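Trainee: I am new to this structure and would be grateful for a close look at a single part of it. Please take me through one helix and its surroundings in a connected account.

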Amino acid sequence: MSFLIRVQLPDSPGTLGAVASALGLAGADILSVDVVERGNGVAIDDLVVELPSGRLPDTLITAAESVEGVEVDAVRPYAGVLDTHRELELVEEIAADPREGLRLFADGVPRIVRAGWSIVVRYDDGEITRLASSTAAPEAPLGELPWLPLERATVLDAEASWVPEMWRELGTELAATPVGKPDRALLVGRPGGPMFRAAEVARLAHLSGIVAVVLDS
């Protein structure tokens, strides 16, 4: 079974290699490594690893944190497709079929930022309309979204009163970005965390800006 493990580690030579060795000794096979954020001597990395049947994901935490200075932010099952050119492929797919662009965008974003789901919404004179959803997005009608219209990409307060109870029970981290204009936005949910980092929010903003140009051209 594959898992996504997010780690904070000292941004120094050899530390990531030490983590990889520790995970290997625990029986984990590392499938990919993505640098999420880096600064102030600390790196945030996402590692997708595969564990043999019968091994508990807790072993990943124990192994990674056996390396000095390393902290595990989160571990969760991962069933996404590993692809280092995910953004480019998604933009190409949308450009080839712009009529389905918002649906393709909503469905593709969770694989890119390793989230659970995403929804494209429109704000029109106080009313919220769902324009597109990923396959795993919650189907319940959206109520009040007080953060719309949205001027810039941001992390949303996951405990705010507008957040549905089920999302809160699942510990869903939330981020949103405008799609070309403040009254159209992409809402992204990551049940169980980890929290969205500034670099991930910036990545969402850039991708959304490119997609908006493609759709409106």
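**A close look at one helix and its surroundings**

Mentor: Thr-15 belongs to helix H1, which covers residues 15-25. Please bear in mind that this is a predicted model. The relative accessibility of Thr-15 is 10%, so this residue counts as buried. Setting aside residues up to four places away in sequence, Thr-15 touches Leu-9, Pro-10, Val-67 and Val-70.

The main subject is helix H3, which spans residues 86-96. Which residues of H3 are buried? They are Arg-86, Leu-90, Val-91 and Ile-94. Because these residues cover an arc of only 130 degrees around the axis, they lie on the same side of H3. On the face turned away from that buried side, H3 carries the exposed residues Leu-88, Glu-92 and Ala-96.

What do the buried residues of H3 pack against? Their partners are strand S2 (29-39), helix H4 (101-113) and helix H6 (198-216). Helix H6 deserves particular attention here, and its packing with H3 may be described step by step. The axes of H3 and H6 are 10 Å apart, and the two helices pack at an angle of about 20 degrees. Angles under 35 degrees count as roughly parallel, and H3 and H6 are therefore roughly parallel to each other. Their crossing is right-handed. From H3, the contact is made by Arg-86, Glu-87, Leu-90, Val-91, Ile-94 and Ala-95. From H6, Arg-203, Leu-207, Ile-210, Val-211, Val-214 and Leu-215 take part. Sorted by class, the contact of H3 with H6 has nine nonpolar and three charged residues, and no polar ones. The buried residues Arg-86, Leu-90, Val-91 and Ile-94 of H3 are thus found again among the residues in contact with H6.

Helix H6 also packs with helix H4. Here the angle is about 160 degrees, and the axes are 12 Å apart. Since angles over 145 degrees count as roughly antiparallel, this makes H4 roughly antiparallel to H6. The crossing of H4 and H6 is right-handed. On the side of H4, the contact involves Gly-101, Leu-102, Phe-105, Val-109, Ile-112 and Val-113. On the side of H6, it involves Glu-200, Arg-203, Leu-204, Leu-207, Ser-208, Val-211 and Leu-215. By class, nine residues of the contact of H4 with H6 are nonpolar, two are polar and two are charged. Residues of H6 including Arg-203, Leu-207, Val-211 and Leu-215 belong to the contact with H4 and also to the contact with H3.

One further residue of H6 may be added to this picture, namely Asp-216. With a relative accessibility of 48%, Asp-216 counts as partly exposed. Asp-216 and Ala-106 are separated by 110 residues in sequence, while their C-alpha atoms are 16 Å apart in space.

A loop residue completes the account. Where is Pro-57 found? It is in the loop between strand S3 (42-50) and helix H2 (58-64). At 28% relative accessibility, Pro-57 counts as partly exposed. Leaving out its neighbours within four places in sequence, Pro-57 is in contact with Phe-3, Leu-51 and Val-75. From C-alpha to C-alpha, Pro-57 and Ile-5 are 9.3 Å apart in space, with their positions 52 residues apart in sequence numbering.

Note on methods. Residues numbered from 1 in each chain as written. Predicted model: local features only at pLDDT ≥ 70, side-chain atom pairs only at ≥ 80, totals over all residues. Heavy atoms only, no water. Helix = DSSP H or I, 4+ residues; strand = E, 2+ residues; numbered from the N terminus. Buried < 20%, exposed > 50% of the residue type's maximum accessible area, 1.4 Å probe, protein only. Contact = heavy atoms within 4.5 Å. Arc of directions from axis to C-beta. Axes fitted to C-alpha atoms, helices over the stretch in contact; angles between N-to-C directions. Parallel < 35°, antiparallel > 145°, perpendicular 65-115°, else oblique. Left-handed = near helix turned anticlockwise from the far one by under 90°. Nonpolar A, V, L, I, M, F, W, Y, C, P; charged D, E, K, R; others polar.
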